[in-house]
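Below is a short note on the annotated binding site and on one helix. The points are numbered for reference.

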Amino acid sequence: MNTLPRLLVTVGEPAGIGPDICLQLATHPLPAAVILLGDLHCLRSRAMILGLPVRLEPWQEGDPWPELEPDVLRVLDIPLLHSCQPGHLDPANAPAVLRSLDKALDLLRVGMADALITAPVHKGIINDAGIPFTGHTEYLAASCGQNEVVMLLAGRGLRVALATTHLPLAAVPSAITRGGLERTLRILQAALIQDFALAAPRILVAGLNPHAGEGGHLGHEETDIIIPVIHALQQEGMRVSGPWPADTLFTPRLLEDADAVLAMYHDQGLPVLKYHAFGEAVNITLGLPIVRTSVDHGTALDVAGTGRAQGESLLHALDAATEIVRNRHMNRP
Ligand SMILES: NC(=O)C1=CN([C@@H]2O[C@H](COP(=O)(O)OP(=O)(O)OC[C@H]3O[C@@H](n4cnc5c(N)ncnc54)[C@H](O)[C@@H]3O)[C@@H](O)[C@H]2O)C=CC1
Ligand SMILES: NCC(=O)COP(=O)(O)O
């Protein structure tokens with residue numbers, strides 16, 4: 001790929017730090033051409049509040065992709081219903097947040113862009129607006145007609161994928177099935193090869209229960225589901241091992257010999273990753289027909305519009321998307 005990858009960045013929840021960190025992009029050297037999708041007026045008003053000398057120029061579908069220019073950002077305007085105040089959620093603006101994702105998908109489907117990078121949305125306010133929504137991951141999977149995708153967060157050399165994503169803790173055990181776990185591991189393995197250019201990735205699988213079930217005395221998910229799946233995939237030659245007790249899995253000696261960890265649920269894997277690399281990590285959706293990366297944090301309503309939002313994770317998300325686009329391009333038959 002000789003030209004710069006073309007990245008679409010959705011601004012996310014307008015009352016959160018999405019606008020702040022997107023505006024910060026203007027002051028950094030970028031690895032790719034970027035178009036923001038969000039409300040132009042909201043972005044201009046946030047730039048004023050933050051005192052950022054950014055020139056925001058409208059970009060429309062059909063316009064050529066712009067050259068990189070310092071202090072200039074192009075915006076595909078997706079107007080909000082109400083003007084937005086930093087830190088103050090408004091359910092009336094939720095449909096526009098989702099419209100920006102839909103518009104980005106349209107552009108990706110017709111080949112007018114190479115990847116989607118998402119700034120954070122507020123899942124609660126979208127639901128308060130009467131729209132069932134659990135996360136970008138599930139929304140993009142459904143929009144792309146993909147039954148199963150995998151959430152992976154990566155930072156400072158650690159990659160943590162999740163067997164289940166946004167669901168109540170009580171629903172986790174029944175969501176872990178032999179078929180689902182096997183498909184998750186296959187998606188993870190394929191992405192590590194295709195997107196991360198690892199020839200024979202090694203994956204450590206966490207147990208669900210304390211001490212990985214203690215031989216069936218502390219739960220049966222390991223013996224009934226996780227071990228049979230691992231054995232079946234090992235028979236095929238996959239370098240997958242476990243179930244490892246989650247409390248000692250994330251220790252340097254074990255991680256030294258791993259390319260990724262598969263955690264069974266959100267708060268088993270992500271606190272470790274965030275303790276290790278918060279602010280520098282990237283969230284990547286594996287198994288989609290498009291490339292999608294995101295930040296490692298949420299809407300941080302408490303710091304929106306204050307100048308205290310840290311934009312590094314978004315820069316890492318742009319870098320990761322650029323690398324994946326290039327790796328996929330190189331591996332194309
Ligand atoms: N990719 C996405 O769209 C994500 C969205 N969320 C959503 O964000 C909302 C808020 O979630 P929380 O659990 O409160 O997590 P959060 O990440 O928004 O905030 C946690 C704490 O970290 C601080 N913080 C987070 N990112 C920061 C940054 N870049 N710069 C400076 N300070 C930062 C916040 O001020 C807050 O004190 C929820 O609705 C959640 O669903 C959460 C994670 C990812
Ligand atoms: N904690 C990660 C997270 O919630 C990301 O969700 P998504 O919106 O990327 O699906």
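1. Two residues are taken to be in contact if their C-beta atoms, placed from the backbone, lie within 7 Å. The model is predicted, and the packing of helix α12 is read with that cut-off. The buried residues of α12 pack against strands β1 (6-10), β5 (115-118), β11 (282-286) and β12, and also against helix α1 (18-24).

2. Helix α12 covers residues 312-331. Its 20 residues, at 1.5 Å a residue, should span 28 Å, and the end C-alpha atoms are 29 Å apart, so the two values agree. Buried positions in α12 include Ser313, Leu314, His316, Ala317 and Leu318. Ala320, Ala321, Thr322, Ile324 and Val325 of this helix are buried as well.

3. An unreviewed UniProt entry places the feature "binding site" at His136, Thr137, Lys274, Asn283 and Arg292. Two of these residues, His136 and Arg292, are taken up below.

4. His136 lies in helix α5, residues 136-143. It counts as buried because it has 23 C-beta neighbours inside 10 Å, where the threshold is 20 or more. Leaving aside residues up to four places away in sequence, His136 touches Thr118, Val121 and Ser294.

5. Arg292 belongs to strand β12, residues 291-295. Since 28 other C-beta atoms lie within 10 Å, Arg292 is buried. With residues up to four places away in sequence again left out, Arg292 touches Ala115, Leu116, Thr118, Leu140 and Thr285.

6. Thr118 appears in both contact lists: it is touched by His136 and by Arg292. Strand β12, which holds Arg292, is also one of the elements against which the buried residues of α12 pack.

Conventions
Residues numbered from 1 in each chain as written. Chains lettered and ligands numbered in written order. Predicted model: local features only at pLDDT ≥ 70, side-chain atom pairs only at ≥ 80, totals over all residues. UniProt positions renumbered as here; feature names shortened; annotations may be inferred. Helix = DSSP H or I, 4+ residues; strand = E, 2+ residues; numbered from the N terminus. Buried ≥ 20, exposed ≤ 12 C-beta atoms within 10 Å, placed from the backbone. Expected span 1.5 Å × (residues − 1).
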